[in-house]
Amino acid sequence: MEPTAWMEQAEQSMLHTYNRYQIVLDHGEGVYLYDTEGKKYLDFAAGIAVQALGYGHKEYNEALKGQVDKLLHTSNLYYNQPTIEAAGKLCKASGMDRVFFTNSGTEAIEGAIKAAKKYAYAKDGCAGHEIIAMEHSFHGRSLGALSVTGNAHYREPFEPLPGIVKFAEYNDLASVEGLVNEKTCAVILETVQGEGGIYPAEPEFLAGVKKLCEEKGILLILDEIQCGMGRSGHMFAWQGYGVKPDILACAKALGCGVPVGAFLMTEQVAEGSLKPGDHGTTYGGNPFVGAAVSKVLDIFEKEGIPKHVQEISVYLEETLEQLKMEYPFILARRGLGLMQGLELAPEIPAGEISAKALGEGLILITAGNNVLRFVPPLVIGKEHVDEMAAILRKVFHLTGKDMLP
Ligand SMILES: Cc1ncc(COP(=O)(O)O)c(C=O)c1O
């Protein structure tokens with residue numbers, strides 16, 4: 001069937017919540033994707049920061065196939081070995097003490113919010129605690145996750161959203177301090193804001209929020225759903241800052257393609273928050289995803305993925321800085337590790353650039369206010385960075401010429 005026929009069929013039966021790029025993807029190999037026509041694409045999006053190991057990683061695929069033949073699902077009423085192993089490895093890698101596996105990032109945020117509220121409730125016996133979240137944040141699409149997402153466009157149609165949430169300016173400690181009161185139970189923020197436009201937390205800001213939380217008995221929730229799992233150059237971005245959260249949310253690259261998220265916490269929060277009956281999931285942490293997470297963590301350790309990210313991200317940053325020097329419509333480069341953004345002038349719409357890049361065989365996505373987002377598989381090499389830059393130069397040349405003032 002022709003790709004256009006597939007796309008028409010999709011639009012007849014699937015809910016139109018996405019304006020999809022006009023390709024039908026078929027398979028992947030390494031850091032490349034192929035469409036149904038056999039056209040090859042260099043992937044600098046990784047399925048929105050999911051495919052950390054790229055495509056077709058043999059050892060990972062074998063582990064999944066083995067688990068399919070053995071046991072897919074049991075429910076959380078029973079123990080299963082792969083998930084017990086995954087939990088131990090994830091706690092070790094993240095520096096946290098206890099984990100709850102979910103099916104998505106959004107659900108990890110839901111759990112994190114519930115844990116923080118229950119902790120505060122158990123402490124003072126009162127409900128109605130408040131949360132401080134950040135402007136321009138993104139934490140997911142369920143009602144609880146939307147309630148802490150600082151983007152009016154996503155929120156407004158669904159208001160009122162649950163709970164009392166106040167929004168502070170990211171990287172502005174005084175604005176967080178100004179919102180704290182005796183009902184505040186948690187501050188939630190992305191260690192690196194993703195959807196909002198690729199803004200890493202400033203070290204003094206993160207350290208200041210942590211100190212404030214400690215002084216006031218407030219929990220710090222870090223959302224590392226996008227920036228975690230090696231992308232920052234550390235297994236979790238907080239480890240690079242040296243600012244440990246009380247609760248950590250994780251997903252995306254955790255399963256490298258198998259849908260899984262997790263929220264983790266310190267022993268102190270675990271002791272004082274969710275107890276049997278307070279939270280649950282049918283699928284979360286089933287043996288299949290347990291096998292995936294366990295193998296992902298083994299491969300990260302064996303292949304030294306965070307160290308590779310530290311090295312290769314220097315080259316990516318240099319390359320992006322070089323592009324910025326060459327093209328005056330690139331206003332800024334921001335990012336941490338293999339989570340980078342180029343902010344473009346308003347006359348050069350990032351969406352148009354990413355669509356044109358696709359035509360030239362490069363998969364790129366956008367973020368925030370006119371930002372090109374670079375979140376490639378963590379296994380890219382210098383040759384892939386060079387290839388990306390060459391395609392982007394071609395696209396800028398084609399597009400920039402018409403569009404420059
Ligand atoms: C920082 C952050 N939090 C939460 C989410 C929601 O995760 P999911 O789409 O898996 O529900 C995302 C997704 O992009 C994200 O980037």
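**Two domains, their interface and a ligand site**

In this predicted model, domain 1 and domain 2 bury about 2300 Å² between them, with carbon and sulfur atoms giving 62% of that area. On the domain 1 side, the residues that lose the most area to domain 2 are Leu-53, Leu-336 and Met-339, which together make up 26% of what that side buries. The size of an interface is often given in this way, as the accessible area lost when the parts come together.

The division behind these values assigns residues 3-56 and 304-403 to domain 1, and residues 71-303 to domain 2. Between the C-alpha centres of domain 1 and domain 2 the distance is 27 Å. Contact across the boundary involves 28 residues of domain 1 and 28 residues of domain 2.

Polar interactions also cross this interface. Between domain 1 and domain 2 there are 15 residue pairs in polar contact, both residues being at pLDDT 80 or more. Several elements of domain 1 each supply at least two residues to the side that touches domain 2: the helices α2 (46-49) and α13 (305-326), and the strands β13 (330-336), β14 (339-344) and β17 (371-374). Sorted by class, that side of domain 1 has 17 nonpolar, eight polar and three charged residues. One salt bridge is found across the interface of domain 1 and domain 2. A salt bridge joins Arg-373 to Glu-195, with 3.1 Å between the closest N and O atoms.

Glu-195 is also one of the residues that surround the ligand. The others are Ser-104, Gly-105, Thr-106, Phe-138, His-139, Gly-140, Glu-190, Asp-223, Ile-225, Gln-226 and Lys-252. Three side chains of this group can be followed at the atomic level. In the side chain of Thr-106, an N or O atom is 2.6 Å from an oxygen atom of the ligand. For Gln-226, the distance from a side-chain N or O atom to a ligand oxygen atom is 2.8 Å. Lys-252 places a polar side-chain atom 3.0 Å from an oxygen atom of the ligand.

Two points of backbone geometry remain. Most residues other than glycine have a negative phi, and most peptide bonds are trans. Ile-48, in helix α2, has a positive phi, near 60°. The peptide bond that joins Glu-159 and Pro-160 is cis, with omega at about 5°. Pro-160 belongs to the loop between α7 (152-155) and β6 (164-168).

Terms used: Residues are numbered from 1 along each chain as its sequence is written. This is a predicted model: local features need pLDDT of at least 70, side-chain atom pairs count only at pLDDT 80 or more; totals for chains, interfaces and linings use all residues. Side-chain values use heavy atoms; hydrogens and water are left out. Domain bounds come from an automatic or database domain assignment. Contact means heavy atoms within 4.5 Å. Buried area is the accessible area (1.4 Å probe) that two parts lose on being put together, summed over both. A salt bridge is a side-chain nitrogen of Lys or Arg within 4 Å of a carboxyl oxygen of Asp or Glu. A polar contact is a pair of N or O atoms within 3.5 Å; within protein, one must be able to donate a hydrogen and the other to accept it, and residues adjacent in sequence count only if both atoms are side-chain atoms. Helices (H or I, at least four residues) and strands (E, at least two) are DSSP runs, numbered from the N terminus. Ala, Val, Leu, Ile, Met, Phe, Trp, Tyr, Cys and Pro count as nonpolar, Asp, Glu, Lys and Arg as charged, and the others, Gly among them, as polar. A residue is near a molecule or strand if one of its heavy atoms lies within 4 Å of it.
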